[in-house]
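Me: Could you take a close look at one part of this with me? I'd like the strand pairing first, then whatever else is worth a look.

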Amino acid sequence: LSPSIAYISSSLGSGSGVLLDGGYVLTNAHVVWPDWAADLTFPDGSKFEDVPVAGQDGLLDIAILGPIDTDLPPLTFVDGESEVVGGDVLLIGYPGESNTAPQPALNEGLISRVRQWEEGGVTFFQTTSAVAGGQSGGVALLPNGEPFGLSGLRFTEANYGLIASAVDLMPRVTELIERAEAGRALTEGTPRELTQDRFNLDNIHSQHAYRLAAEPDTDVALTLD
């Protein structure tokens with residue numbers, strides 16, 4: 001699976017990312033914040049510079065970069081929420097990386113606790129594996145090698161890892177990709193006229209933008225409820 005794990009370099013640091021269908025790369029939002037683009041490097045040496053952040057959710061701490069044109073195989077997440085305390089878990093990512101052309105690292109641990117974040121609707125697996133800076137956005141694997149989560153957080157002085165269950169994240173990931181695709185179609189094709197729209201600003205990092213096409217000195221009325 002490691003050929004599909006990207007090393008992400010931003011202005012404030014580095015992290016990991018997972019290649020998905022359509023050429024999009026999933027990572028944690030804090031890996032790329034506050035940038036709107038980042039550099040990607042894969043283990044085969046292929047590099048992609050200034051890859052745009054196509055969408056992000058600050059509350060769930062996820063971001064989508066891309067799309068990129070690559071023949072590397074995308075990963076498909078599975079539902080790992082049947083896993084129990086004591087089960088093995090593997091992490092692939094780039095913890096503590098300093099090379100410009102790095103290879104991903106493999107770490108092993110146990111699931112030591114299952115935590116529920118009720119407000120966000122996300123299951124987290126606490127692991128005994130230490131998580132160093134740069135592992136954020138990496139992938140967590142079941143013992144049979146199937147990816148089931150995103151290894152993005154660490155806590156306590158021992159830096160124990162928290163793995164976000166992919167089955168809880170993927171609906172939002174799909175929504176971000178669909179919005180990105182709709183935005184690309186809008187800018188690449190004929191503009192779609194809107195007189196009314198609905199959207200949610202569901203956390204402090206959310207934003208929504210429109211482009212107004214009007215002649216100079218035109219009076220415009222905008223109502224927001």
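How many bridges join strand β11 to strand β12, and which residues do the two strands cover?

Reply: Six bridges join them: β11 takes in residues 147-155, β12 takes in residues 160-165, and the two run antiparallel. Strands here are DSSP runs of E with at least two residues, helices are runs of H or I with at least four, and both are numbered from the N terminus. Two strands pair if DSSP finds at least two bridges between them. Keep in mind that this is a predicted model, where local features need pLDDT of at least 70 and side-chain atom pairs count only at pLDDT 80 or more, while totals for chains, interfaces and linings use all residues. Residues are numbered from 1 along each chain as its sequence is written, and side-chain values use heavy atoms, with hydrogens and water left out.

A good residue to click on is S151. Its bridge partner in β12 is I163. S151, in β11, is also the bridge partner of G138, and that takes us to β10. Strand β10 covers residues 138-141 and joins β11 through four bridges, again antiparallel. The hairpin of β10 and β11 has five residues between the strands, and in it G145 takes a positive phi near 95°.

Carry on past β10 and you meet β7. Three bridges hold β7 and β10 together, antiparallel once more. Here I92 stands opposite V139 of β10.

Now zoom out. Six strands close into a barrel, in the order β7-β8-β9-β12-β11-β10, with antiparallel pairing. From one strand to the next, the twist averages 45°; axes are lines fitted to C-alpha atoms (for helices, over the stretch in contact), and angles run from 0 to 180 degrees between N-to-C directions. When you look at side chains, remember that in a regular strand they alternate between the two faces of the sheet.

Next, the salt bridges. The term covers a side-chain nitrogen of Lys or Arg within 4 Å of a carboxyl oxygen of Asp or Glu, and a search of the whole structure finds three. In one of them, D57 pairs with R172, with the closest N and O atoms 2.7 Å apart. D57 sits in strand β5 and R172 in helix α2, so this pair ties together parts that are 115 residues apart in sequence. Both D57 and R172 are buried (buried means under 20% relative accessible area, exposed means over 50%, and partly exposed is in between, using a 1.4 Å probe and protein chains only). For R172 the relative accessibility is 12%.

R172 has another partner, E175, and there the closest N and O atoms are 3.1 Å apart. E175 and R172 are three residues apart in helix α2, so about one helical turn separates them. E175 is partly exposed, at 30% relative accessible area. The side chain of E175 also meets that of R179 in a salt bridge, 3.0 Å from N to O. R179 and E175 are four residues apart in α2, about one turn of the helix. At 41% relative accessibility, R179 counts as partly exposed. Through shared partners, salt bridges join D57, R172, E175 and R179 into one network.

A few backbone oddities are worth a click too. Most residues other than glycine have a negative phi, and most peptide bonds are trans. D50 goes the other way, with a positive phi near 50°. D50 lies in strand β5, residues 47-57, and is exposed at 59% relative accessible area. D217 also has a positive phi, about 70°, in the segment after α2 (166-188). D217 is exposed as well, with a relative accessible area of 81%.

In that segment after α2 you'll also find T218, partly exposed at 41% relative accessibility. A polar atom of the T218 side chain lies 2.6 Å from the backbone oxygen of E215. A polar contact is a pair of N or O atoms within 3.5 Å; within protein, one must be able to donate a hydrogen and the other to accept it, and residues adjacent in sequence count only if both atoms are side-chain atoms.

Last, the cis bonds. The peptide bond from W33 to P34 is cis, with omega near 5°, and P34 lies in the loop between α1 (29-32) and β4 (37-41). G66 and P67 are joined by a cis peptide bond too, omega about 5°, and P67 is in the loop between β6 (62-65) and β7 (88-93).
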